[in-house]
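Hello,

Here is the structure I promised to pass on to you. My notes on what turned up follow just below it.

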Amino acid sequence: MKANRWQVYEWIKQSYMFYGVVPTLYQIKRHFGKSLPESELAEGIIEFVLTTRQPVRKWRGKGYTRPRRRGA
């Protein structure tokens, strides 16, 4: 069975409900891999964001540190 936008939406929603954190864009792409086109992936993400008003962040990768405070 081929994945579609509703499966993306449901997976993001279930992950958010279980862990309490919205998965990052990197995690979503890693989970679905090449099993669906970018347009379907985007539609599922958009549906989640519009429904829950919770943003999906980009993955920052290794080496990301918190921004330093100015004047410190």
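**Helix α3 and its surroundings**

In α3, the buried residues (under 20% relative accessible area with a 1.4 Å probe, protein chains only; over 50% is exposed, and partly exposed lies in between) are E40, L41, G44, I45 and F48. They sit on the same side of α3, because their arc around the axis, taken from the directions from the helix axis to the C-beta atoms, is only 135°. Exposed E38 and L50 are on the face turned away from that buried side. Helices here are DSSP runs of H or I with at least four residues, numbered from the N terminus.

Before you read on: this is a predicted model, where local features need pLDDT of at least 70 and side-chain atom pairs count only at pLDDT 80 or more, while totals for chains, interfaces and linings use all residues. Residues are numbered from 1 along each chain as its sequence is written, and side-chain values use heavy atoms, without hydrogens and water.

The cover over the buried residues of α3 includes α1 and α2, with contact meaning heavy atoms within 4.5 Å. Just after α3, R53 has a positive phi of about 60°.

You may also like the aromatic pairs (Phe, Tyr or Trp rings, the six-membered one for Trp, with centres within 6.5 Å; planes under 30 degrees apart are stacked, over 60 edge-to-face, the rest tilted). The whole structure has four. One of them is Y16 with F48, edge-to-face at 6.0 Å centre to centre and 80° between the planes. This pair joins α1 to α3 across 32 residues.

Best wishes

Definitions and conventions: Helix = DSSP H or I, 4+ residues; strand = E, 2+ residues; numbered from the N terminus.
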